[in-house]
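Welcome! Here is a short guided walk through a protein model. Take a moment to look at the fold before reading on.

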Amino acid sequence: MTQTGKIWIILNPTAGKGKADKQAPKIEKILRGSGRSFQIIKTESPGHALNIVRDLPINDNDITVAAGGDGTCNEVANGLIIRQAKVPPVFGIIPIGRGNDFSATPGIPDDVDTAMQILLKGNEKPLDAGFVKGGFFQEGRYFINGIGIGFDTKVGFEAAKMKIKSGISYALGAIITVARYEPSPVLRIRFDENEVTLQAVLVSIVNGRRMGGSFYMGPDAILDDGLLDICYVQHQSSRMKLLKILSHYTKGTQGQCEGVNFNRALRFHLTALEGGMAAHCDGETVCCDGKELEINCIPKALRLIGP
């Protein structure tokens, strides 16, 4: 199905270290040339995109577009889902942020001209979302890409301190985190009818495939299968073994390594039996020393415009 309703562009001018704002004139020019009804709204602060979208007069055939990075996508998706519309809202992406991880899964490129062509064609597919409760989000938070727990989140904390490109900063953050080699928490993970207890170095529960600019946490994840993918790494006896596994993440081949496990499920429950969990949700900190997280898949929460 193609969409012909109004296009609402929620543009984060600070995305991509300010480069996103420079793309606004091009986006506006393309939209004017298309003859479509549209409005560009720029965000002013973190959290603003969610509030904007929640209060927009959106019709069923309108397209609400996140123009920015993964954080903007997360906020726009949350704003759409919490509206609790009878028909799943239509969600579009113009990837002009720093990492653009989520858009890589449906194949929306970070070239503005091509992304706009995809948007104006309006081909839609169902898009699942996730929902996490715990930590700083006791009432819950939706996500569309994924949750990282443990090593992944600590790397993200280090990468956020850097002023260089996302993929490079994440790789350097990984090296720093490996060098520190802090003790991993002992987690009990329940997913559907399964249960495992392990000293968990890294746990990823994902809807999309990529995080951190170039790391495929869920290489076989499917955006509309009604399930979330889990990949978890058990305690490694040396830094070298952990570095070897991490090198496989850049190719999505970590399943070849000892101690790496995959599965899929609708629901997950994680409890820290020893230590605490550091966790992020689409790059947003969920907890730094959390004890319990509940994560569910929300099938077909949105309609995604893609190739």
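Between which two strands is the loop that holds Met217? Met217 sits in the loop between strand S11 (215-216) and strand S12 (228-234). Please keep in mind that this is a predicted model.

**The whole protein**

Let us step back for the overview. The secondary structure of the protein comes to 9 helices and 17 strands. Of its 307 residues, 55% are buried. The accessible surface of the protein is about 13,500 Å², and carbon and sulfur atoms hold 50% of it. Among contacts with a separation of 6 or more, 73% join residues that are 24 or more positions apart.

**Three buried residues**

Back to Met217, and on to two other residues. The table gives the relative accessible area of each residue.

| Residue | Place | Relative accessible area |
|---|---|---|
| Met217 | loop between S11 and S12 | 2% |
| Leu50 | helix H3 (residues 48-55) | 12% |
| Asn296 | strand S17 (residues 292-305) | 17% |

Why does Asn296 count as buried? Its relative accessible area is 17%, and buried means under 20%, so Asn296 falls in that class. Met217 and Leu50 are buried by the cut-off of under 20% too, with values of 2% and 12%.

Each of these residues has partners from elsewhere in the sequence. The C-alpha atoms of Met217 and Cys231 are 6.8 Å apart, although 14 residues separate the two in sequence. For Leu50 and Asn78, 28 residues apart along the chain, the C-alpha atoms are separated by 6.2 Å. Leaving out residues up to four places away in sequence, Leu50 touches Glu75, Asn78, Gly79, Ile82 and Arg141. With neighbours within four places in sequence left aside, the contacts of Asn296 are Ala129, Gly130, Phe131, Leu228, Leu266, Arg267 and Phe268.

**Helix H6 and its surroundings**

Strand S17, where Asn296 lies, also turns up in the cover of helix H6. In H6, the buried residues are Val112, Ala115, Met116, Ile118 and Leu119. Seen down the axis, these buried residues fall within an arc of 160°, so they line one face of H6. Their cover includes strand S1 (7-11), H2, strand S3 (63-68), strand S4 (90-95) and S17. After H6 comes Gly122, which has a positive phi, near 70°.

How do H2 and H6 pack? Two packed helices are described by the angle between their axes and the distance between the axes. For helix H2 (residues 24-34) and helix H6 (residues 112-121), the angle is about 35° and the axes are 11 Å apart. Their crossing is right-handed. On the H2 side, Lys26, Ile27, Ile30, Leu31 and Ser34 take part, and they meet Val112, Asp113, Met116 and Leu120 in H6. The residues of this contact divide into 6 nonpolar, 1 polar and 2 charged. Val112 and Met116 have two roles here: they are buried residues of H6, and they are part of its contact with H2.

**Helix H9 and its two sides**

Which residues of helix H9 (residues 239-249) are buried? They are Leu242, Ile245, Leu246, His248 and Tyr249. These residues are on the same side of H9 because they cover an arc of only 155° around the axis. Met240 and Lys244, on the other side of H9, are exposed.

Technical notes:
Residues numbered from 1 in each chain as written. Predicted model: local features only at pLDDT ≥ 70, side-chain atom pairs only at ≥ 80, totals over all residues. Heavy atoms only, no water. Axes fitted to C-alpha atoms, helices over the stretch in contact; angles between N-to-C directions. Helix = DSSP H or I, 4+ residues; strand = E, 2+ residues; numbered from the N terminus. Left-handed = near helix turned anticlockwise from the far one by under 90°. Contact = heavy atoms within 4.5 Å. Nonpolar A, V, L, I, M, F, W, Y, C, P; charged D, E, K, R; others polar. Buried < 20%, exposed > 50% of the residue type's maximum accessible area, 1.4 Å probe, protein only. Areas by Shrake-Rupley, 256 points an atom, 1.4 Å probe, with all protein chains shown as cover. Arc of directions from axis to C-beta.
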